Amino acid sequence: MRIILATNNKNKLREISQILSPLGYEVVTQSDAGINIEVDETGVTFAENAYLKAKAIFDLTDNCCVLADDSGLMIDYLNGEPGVYSARYGGTKNDKDHNDLVLKKLSGVPDEKRTARFVCAMCFIKADGEVIAVEGKCEGKIAAEPSGENGFGYDPIFMFGDKSFAEIPADEKNRVSHRANAIKMLLQSLNTN
Ligand code: IMP
């Protein structure tokens, strides 16, 4: 089955395809499907933003399956920041600036108070228009300093056990990540529907 991913983010395409292709799904980006719109993420929750993106794309297709996700990092000590603003935290789109800002805000905060989670809301709209919404999480802690070269975004400062997400191989991250957990829930939901 062909699924249009409501993004042109190659990192997301790679991660989601690595999980879904072995199960027989062909995942393509919205631009691969000839859709060139940028949907404003005006929602105040990940779930709202995922729905806004999925619906905008679905309305432009001839009843194609669409999958949209909205994800980000929630840090307990910062009352859930950067949250839905993860991609533009501190008014910049630069990953290193985001990580520097988080580390500055958590400067001096002890390890036990550095708990955080990645969250991924997914909204799947089936060819018949039915909407399936799920939310996956991945619990961790914010490191004292960045480490590792893999991944993207906040991976170098997100500790999953004793390694950062940027230190563990992609296939391992893909088994435990918020996106992986959201996709597992989505597949369960699709199988029981
Ligand atoms: P989105 O594209 O609106 O979902 O924004 C997601 C933002 O959250 C990205 O720009 C990253 O900064 C951050 N993010 C989401 N998932 C991950 C991940 O797996 N690793 C690191 N950062 C992530």
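**Close-up views of a pocket and its ligand**

**View 1. The largest pocket holds about 960 Å³ of space.** This is a predicted model, so treat each view as a computed picture. A handy idea to keep in mind: rolling a probe the size of a water molecule over the atoms reveals where empty space remains. Lining the largest pocket are 31 residues, and those nearest its centre are Asn 9, Lys 12, Glu 41, Lys 53 and Ala 87.

**View 2. Strand and helices help to line the largest pocket.** Strand E3, helix H3 (95-105) and helix H5 each supply at least two lining residues. With four residues, E3 gives the most. Sorted by class, the lining has 12 charged, 11 polar and eight nonpolar residues.

**View 3. The ligand sits in the largest pocket.** Two elements give two or more residues to the shell around the ligand: strand E3 (65-75) and helix H5 (178-191). The largest share, three residues, comes from E3. Which residues come nearest to the ligand? Of the 16 around the ligand, they are Lys 12, Ser 71, Asp 155, Lys 173 and Arg 179. The shell is made up of seven charged, five polar and four nonpolar residues.

**View 4. Nitrogen atoms of the ligand meet polar atoms of the protein.** Look for Asp 155: an N or O atom in its side chain is 2.6 Å from a ligand nitrogen. For His 178, a side-chain N or O atom lies 3.1 Å from a nitrogen atom of the ligand. Tyr 154 takes part through its backbone, with a polar atom 3.1 Å from a ligand nitrogen. Taken alone, the ligand exposes 490 Å², and the protein buries 90% of that.

How values were computed:
Residues are numbered from 1 along each chain as its sequence is written. This is a predicted model: local features need pLDDT of at least 70, side-chain atom pairs count only at pLDDT 80 or more; totals for chains, interfaces and linings use all residues. Side-chain values use heavy atoms; hydrogens and water are left out. A residue is near a molecule or strand if one of its heavy atoms lies within 4 Å of it. A polar contact is a pair of N or O atoms within 3.5 Å; within protein, one must be able to donate a hydrogen and the other to accept it, and residues adjacent in sequence count only if both atoms are side-chain atoms. Accessible areas come from the Shrake-Rupley method with a 1.4 Å probe; for residues, only the protein chains shown count as cover. On a 1 Å grid over the protein atoms alone, a cavity is a set of points where a 1.4 Å probe fits but cannot get out, and a pocket is an open set with protein on both sides within 12 Å along at least five of seven lines; lining residues have an atom within 4 Å of a point. A molecule sits in a cavity or pocket if more than half of its atoms lie within 2 Å of its grid points. Ala, Val, Leu, Ile, Met, Phe, Trp, Tyr, Cys and Pro count as nonpolar, Asp, Glu, Lys and Arg as charged, and the others, Gly among them, as polar. Grid points are joined across faces, edges and corners, and a volume is the space filled by probe spheres set on the points.
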